[in-house]
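Student: Could you take me through the side-chain chemistry of this one, with a close look at the aromatic rings? I'd like to hear how the other side-chain pairings fit around that part too.

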Amino acid sequence: MVGGVYAIRNTAAGKLLLTSTNNLAGCQNRFVFSQKNNSCVNWQLQKDWEKYGGGGFVFEVLDELVKKETQTDEEFTADIKMLEEIWREKLKKADLY
């Protein structure tokens with residue numbers, strides 16, 4: 001299983017939605033599906049999604065973490081959340097949703 005931290009970038013406005021997941025591939029697939037169907041992938045993006053359309057956004061993997069065989073799901077989730085906090089600190093000056 002591969003989890004990690006990702007951003008959905010509004011290419012027109014320059015804003016970022018920063019989040020994390022235990023399943024990067026699943027989130028990226030949902031994003032692509034949402035773009036194809038012009039359905040917003042996250043409520044926080046709704047106004048800008050309506051304004052710019054799905055083509056105005058890109059999915060960017062910022063950091064990946066592979067679950068170790070010895071890790072519990074809870075430990076894996078905690079490690080991913082820690083990575084997200086590190087990225088929030090790195091991007092604290094960015095325009096985030």
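Tutor: Here's a walk that starts with the rings and then moves on to the cysteines and the charges. Keep in mind that this is a predicted model.

Let's start with the aromatics. Searching the whole structure turns up four aromatic pairs. Take tyrosine 6 and phenylalanine 59: their ring centres sit 4.6 Å apart with the planes at 20 degrees, so this pair is stacked. Tyrosine 6 belongs to strand β1 (residues 2–10) and phenylalanine 59 to strand β3 (residues 57–66), so the pair ties together parts that are 53 residues apart in sequence. Both partners are tucked away: tyrosine 6 is buried at 10% relative accessibility, and phenylalanine 59 is buried at 13%. A second stacked pair is tryptophan 49 with phenylalanine 57, at 4.9 Å centre to centre and 20 degrees between the planes. Tryptophan 49 and phenylalanine 57 are buried as well. Add Phe31, and you have one aromatic cluster made of Tyr6, Phe31, Trp49, Phe57 and Phe59.

Stay with phenylalanine 59 for a moment. Its C-alpha atom is 6.0 Å from that of alanine 7, although the two residues are 52 apart along the chain. Leaving out neighbours within four places in sequence, phenylalanine 59 is in contact with Tyr6, Ala7, Ile8, Leu24, Cys27, Gln28 and Phe31.

Cys27 is on that contact list, which brings us to the cysteines. Is cysteine 27 buried or exposed? It counts as buried, because its relative accessibility is 9%. Don't go looking for a disulfide, though, as the whole structure has zero. The closest cysteine sulfur to that of cysteine 27 is in cysteine 40, 14 Å away, which is too far for a bond. Cysteine 40 is likewise in no disulfide.

Phe57, from the cluster, also touches a charged residue: aspartate 48 is in contact with Phe57, and also with Asn10, Lys15, Gly53 and Tyr97, once neighbours within four places in sequence are set aside. Aspartate 48 sits in helix α2 (residues 46–52). What is odd enough to flag here is that aspartate 48 is buried yet has no salt bridge. The nearest side chain of opposite charge is lysine 15, at 4.4 Å, and the cut-off for a salt bridge is 4 Å between a side-chain nitrogen and a carboxyl oxygen, so that pair misses out.

Elsewhere, charges do pair up, with five salt bridges in the whole structure. One of them links lysine 67 and aspartate 73, with the closest N and O atoms 2.4 Å apart. Lysine 67 is partly exposed at 23% relative accessible area, and aspartate 73 is partly exposed at 45%.

Then there's helix α3 (residues 73–90), where arginine 88 and glutamate 84 are four residues apart, so about one helical turn separates them. Their side chains meet in a salt bridge at 3.0 Å, N to O. Arginine 88 is partly exposed at 29% relative accessibility, whereas glutamate 84 is buried, at 7%. Salt bridges with shared partners join Lys81, Glu84 and Arg88 into one network.

Two last stops. Glutamate 89 and lysine 92 form a salt bridge at 2.9 Å, N to O, and lysine 92 counts as exposed at 54% relative accessibility. Lysine 90 takes another kind of partner: it lies over the face of tryptophan 87, 4.2 Å from the ring centre.

Definitions and conventions:
Residues numbered from 1 in each chain as written. Predicted model: local features only at pLDDT ≥ 70, side-chain atom pairs only at ≥ 80, totals over all residues. Heavy atoms only, no water. Disulfide = S-S within 2.5 Å. Buried < 20%, exposed > 50% of the residue type's maximum accessible area, 1.4 Å probe, protein only. Phe/Tyr/Trp six-rings, centres within 6.5 Å; stacked < 30°, edge-to-face > 60°. Helix = DSSP H or I, 4+ residues; strand = E, 2+ residues; numbered from the N terminus. Lys NZ or Arg CZ within 6 Å of the ring centre and 35° of its normal. Lys, Arg positive; Asp, Glu negative; His and termini not counted. Contact = heavy atoms within 4.5 Å.
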